[in-house]
Amino acid sequence: MKFRNKIIYSLALTLAIGVSSCKKTLDINTNPYTATKVEPKLLFGYALTAWDAAKNGGDVQIPVMLMDQSVASGGNYGWGAGNVYDISPYSTGNTWNTYYTNGGNNLKLAIKAAESATTPNKNAAAQCKIVLAQLLYETTTLFGDIPFSEAYQPDKFPSPHYDNQKDVLEGVISLCNEAISQIDVTSPLKITDYDVFYKGDMSKWTKLANSIKFKTLMVMVDKDPTKAAAIGTLLANPSSMISSAADNELFPYYTATNQENPKYRLFKQYTNGENQWFFANKNVFDFMQPKNDPRIPKFFDKGPKATTYKAVDTEEEADGTASLISAYLNRKNAPSVIFSYQEISLLEAEAYARGLGVPKNLVTAQQYFAQGVKASMDFYESDATAVQAYMSTQLTNLSTATDPVKEIHIQQWVDLMDRPLESFVQWRRSGPSGNEVPALTLPVGAPAGPLIRRYPLPNSEITANPNIPNPQPVFTDKMWFDL
Amino acid sequence: MKQKLLSIFLVCLMLASVAIAQDKRITGKVTAKEDGLPLPGVSVKVTGTKLGTQTDANGNFAINVPTDAKNLEVSYVGFNPQTIAIGARSVVNVILETDSKQLSEVVVTAVGITRDQKSLGYGASVIKSDELTTARDANVLNAIAGKAAGVRINSQSGTLGGSTKIVIRGVNSLNGSNVLFIVDGTPLDNGNAAGGTISNNVDYGNRIGDLSSDDIESMTILKGAAATALYGSRAKDGAVIITTKKGKKNSPTSISVNSSVRFDNALVLPDFQNQYAQGNFGAYNLKYTNGWGPKIADVQNQKFTDFNGDQVTLQAYPNNVKDFFKTGSSYTNNIAFSGGDEKSDYRFSFSSVNENGIIPKSTLDRYNLSLNAGRKFNDKLSSRFSGTYSRIKADGRPAQSSNNSNVLSATIFGLPRVVDINKLKANYQDPVTGNQTFLSTDKTGNNPFWIINYNQNNNTVDRFYGTYTLEYKPYDFLTLTNNLGGDIYDEKRASFTRKGTAGFANGKFNNTDIFYRQINDDFLATFSKDNIVKDINLKLILGGNYNERQIQSSDVAATDLTIDQLYTYTNASSTTPSIGFSKQRLLGAYGNLSLSYKNYLFLDVTGRNDWSSTLPVDSRSYFYPSVSSSFVFSDLLSKTGKYKWLSFGKLRASYAQVGSDTGPYGLDFQYFPVSTVFLQYIGSLNAFPLGAITTAFRGPGTLPNANLVPQKQNSYEVGTELKFLNNRIGLDFNYYNTATKNQLISISVAPSTGYSLKSLNAGTISNEGIEVALNLVPVKVKNFSWDINVNYSKNKQKVTELIDGVKEYSLASGYSGLQIKAKVGESFGLYGTKFQRAPDGQFIINPNNGLRLVEANKFIGNLYPDWTMGINNSFSYKNFSLSGLVDFRQGGVFYSGTAAGLRTSGLAAETGGNRANFVDPGVIKDKSGNFTPNTKEVNFQQFWQQNYQTSNTEANIFDASYVKLREIRFSYTLPSSLFSAKTGIRSATIGVEGRNLWLIKSKVPHVDPELNFFGAGSTGEGVEFNSVPSTRSFGLNLRLSF
């Protein structure tokens, strides 16, 4: 080889090494601390936790319980006097994000991971779909018309269209049906350890899915009476739904540090772990007091300067004599109730009392009514003797009551006091405008006009989605199911 | 000691000379022809010998010369050298003339290229060492405030060692502005404290604050893209080129000492009412830390329980807030040794800053050790090393903003007027149990003395940055240079919350460890040839760049401690660790061709190609060019002999395009491990492991995009530099226009897509503005001169384009509905809740309670000023000099969360006085939309509590304009005759100096309008939320050189 060639070759070689190492130098754009593939349960666990924290925190629990007036703010003595209808844009935004990004989208990603696995994990997909159905049920009952069919598909639908609430609720039912058909109780492939509700017991998941369908149909039936038939079908087989407290869907919390209920953690951070902000509202307490409801000592703590229980109005200035929402409800390990036996029992009682899909039957209604009221008292660990006494002497007899359906609504309203998202739906569906149970009046400080009916859409959606409803609904606008 | 030896040696030398030859002593004075002023430091040599001396501070010299000596050579930088015959004289006075060729200054520009200022085709501001070393500020960036046109400097908080934000020529990007800092050729990180609404919001400073101003020779601020084109992407928001001081070749060791002692107090404290105690609707109640209780004068016949459980008669303590703060002190010292021989030079410097803040228990210590050493190995090869080690230790940085019971200013400003600060200080802790004595009965508010004594936020930084330059000059026309540099630091942050603290009864602590490393290498080949064609000089630079940046962080949050005040992980019942990491590389190749014609017409063309690791493989290579030109027309005119009133005139113009990349890891779809979930009023809530859910992952919140392309910025500028009447009047005018297109941003998408943001190329932001610098010398006589420097800048920012269908983009969020947004057709603005108004502007009142009605998400005002201006006046008389800098800002809005807090809690002065119900002037809107005057009375407390709450943005919005006396300096240089040679002292200057002295005019009550709670790293500004008050400082300075 000639010297000149040597030089040329070595130059060419150097250049080649240079170019390839140059490429190597730049190929470092992979994050060493993230994963490109994960098991569905890891996303499922995150989605559940994010969802439940949001529900029990300052973006949902606090504003909704004040605006639906199931809890009182105590004015300046407590949480602070203000316009309880002035919902912070951060709360609407964070809530929306929980349903669509932190919660919903991670469930969607988990479903995709489960279904696209070499051996598809159908049960895991079903578990995720049932929870997703609940998220979307909450989204639509809080915001009204929402993106459903075009949601969670950024590439195909960068600006999702809004579906009518009716279609969303139908979609919730379809999601449940889809999940039920996917469930294979014999398959070992499922989310087990991360399934904090049922530890992988797929038969309980089926019951939950049917219960969600039932609840959804009960929300729809006033506006769309044809739903009565489907209600009847489910009622014909009550054991296909939640049929004991053991079937309850509860998100558990613990006494260990950082594992406490979010309601407690807010107090832990600001008020020494004790509730100094929220008070018994007459709208709930006044139903309980005359009958010496055994849940009173579980729901409320007497004021530091009081010997008796006393409730205040929503924005009334409280003092040391006003009863507080109890330390029991806000205890560290209070589970977050997502679906309960008492809830389904009272809905069943309502269906029989109103004759929805079944012949009206106040006797059967009474059985479910008693079952629901007792389940609620038991769930809140009320004094057993007092419960016994209440059930035998105070429980309303629906057959003799002037308005049996109202009596059921009262119990539903009381039972849901610590679950404001549900109590807000319950109040709106309990009767046409002006005839809801309870009859609420405009809270002090709220702008003149009708009572609040929904959360407004969040700014994040208004500014980034050209397909939002036009005109945008305002907080006093009723949604489809609300008569 | 060395000085003594040297003196003895010199004396010996002189004695020896006397013994050898007959000498004669010559004395004299060297002055400048132009103004007759003495010139210090002028070299005076005896021709043909090695004998020589320098003039002293008064221009005097004395030298012993051999009797046969003929001539003296007198030379000084910037003046024409002279050779003077001695003859029989023993007194030789010399008058030196300015060297017209040297009139323009040498400026260090991109990649360390030194250029004649006159040849620059773009605007650049140079801040000289003098500007930085007198009236020093611990953060060197603060010393630029008001001194350079087009450069906006804002100190973010009064936190000791707090951060300072710099914006050059407006914000160009939706991601904010990131100015590039270069020290001796090596880029330095200017990392900032995370800002915004996060809880535990502590200002940990910006990393450029680690520099010692005493080590800086000059700072060149390159503002436009043409100036920074060679740096490429990283300098799209401008660059600050810092050159450190060197030793002088051929000079004996000299020692300089610069010492200051300064005292600080709060510049602005809130105005309080002093008539009402704490309580609710006029009734005293210890549960509240506010001012809504009874009128103190009305209850003098009663006793009330105070926070300490004592029965007291209420009394106002008007100074309780003022007395919480103490006089801060700072000691800034620098000692530098420098010198050199023919081949080598060195400078070694040690700086220290020791500060005690106005907040008790807050301290800052900073030490810098710097070495700059150069060596010329032979005619062709030379090298230089410059490096600095710095250590910062700061304790007691206060928490600001909200959602944290440790927020200090909220606690202090929120003190009820009847609380005696001395009693509070003496009783913050129960002497028996050691438990905290809370301010309020519901134990929600921490005692401020508990916070400062036990709940501290501390940090330490160990940092090294340095550059090694090797220069090889094989031929006269060719220079090969390699600059290898690095910037490495480790920062440790710790925050402690003692058991028994409200909000964290069981205590907690956080440790954060941040490791940063940047390695940079530039290789340059410079060809330069004069008269390549007749009258044309050429310079061609070809270069390559390698840059790697890595940041790694780990954070451990530990909660619920077993043993009190034992901050170790095993003592905590829960620990949550997390890791952060990012690494990116950039390769660049660039060239710069400079041509000059007869030294009055200059043309520069540059091009750079970058390859970035953060962009998709197909689009990671990008090229961008620039061209700039300068025409010194006065050189042509002077040849005509006319226009003598024009001393200097230049026109300049430039055009540039700059491409830039994005952050790493934005391309792949990834799942992130998470330990927290969001909980309103707490923020990130440590949640995992949670029972059976031991590990949690989530998908990305930002939809990644594998098709990103580089961002492009186009800019042009034209300007002129004019000097009249023998340089007595100087004017520098500049117009620029910048458009940043295809921005690499994460834009908000409809969350119903499952994602909050999406990475993409979108949006155009333009900035257009003028910069004017005016220098006047109204008086210049023998012993007196008066200089005026004015700089004025006006920038108009406009968002010209976002993505299709998107009209606005949220840049930053504050609390309670306040947002900073970009909207098409507008500049960045502040948006939030406004009062509803009738068409005639009157408030619309709620007829039920007499309160004003509000509407959310409205435009409130512009974020940025219409214009800013700095005026510096300096006077010098003999050895005295005095200068003062006044800083103006006009326009923009400012939101004060502190004002909101003081008003809603009934503590602000405006909530005092008569608290009877009244009718708020306004109108009531009826159902048919008609307006009638309001007649509904409103309760006084409710009026303030409801209308001025933080969520009513407009209620606490103010005009952000201000006028500030930024700096005052007075100094006196002692006559050199005072110092005998024995002391070794060559010069001594004493001075009085003050910074941030006086807020001359402000429309913001209660706080300094410059504060910003978003922090220096955020696009957000103009919002303050319980910020630490900024300080005014005043002190003495002594400078000595040996």
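**Packing of helices H12 and H15 in chain A, and the setting of Lys1001(B)**

In this predicted model, helix H12 (residues 341-354) of chain A packs against helix H15 (residues 404-415) of chain A at an angle of about 165°, with the axes 10 Å apart; axes are lines fitted to C-alpha atoms over the stretch in contact, and angles run from 0 to 180 degrees between N-to-C directions. H12(A) and H15(A) are therefore roughly antiparallel (angles over 145 degrees). Contact, defined as heavy atoms within 4.5 Å, links residues of H12(A), including Leu346(A), Glu350(A) and Arg354(A), with residues of H15(A), among them Ile408(A), Gln412(A) and Asp415(A).

H12(A) comprises 14 residues and reaches 20 Å from its first C-alpha to its last, close to the 20 Å expected at 1.5 Å a residue, where the expected span is 1.5 Å times one less than the number of residues. Because 13 of its 14 residues are buried (under 20% relative accessible area, 1.4 Å probe, protein chains only), H12(A) is largely enclosed by the rest of the structure. Gly355(A), with a positive phi near 70°, follows H12(A).

In chain B, Lys1001(B) lies in strand S60 (residues 987-1002). Lys1001(B) counts as exposed (over 50%), its relative accessibility being 52%. Lys1001(B) touches Ser961(B), Tyr962(B) and Val963(B), residues up to four places away in sequence not being counted.

Residues are numbered from 1 along each chain as its sequence is written, and chains are lettered from A in the order in which they are written. Local features need pLDDT of at least 70, side-chain atom pairs count only at pLDDT 80 or more, and totals for chains, interfaces and linings use all residues, while side-chain values use heavy atoms, with hydrogens and water left out.

Notes
Helix = DSSP H or I, 4+ residues; strand = E, 2+ residues; numbered from the N terminus. Parallel < 35°, antiparallel > 145°, perpendicular 65-115°, else oblique.
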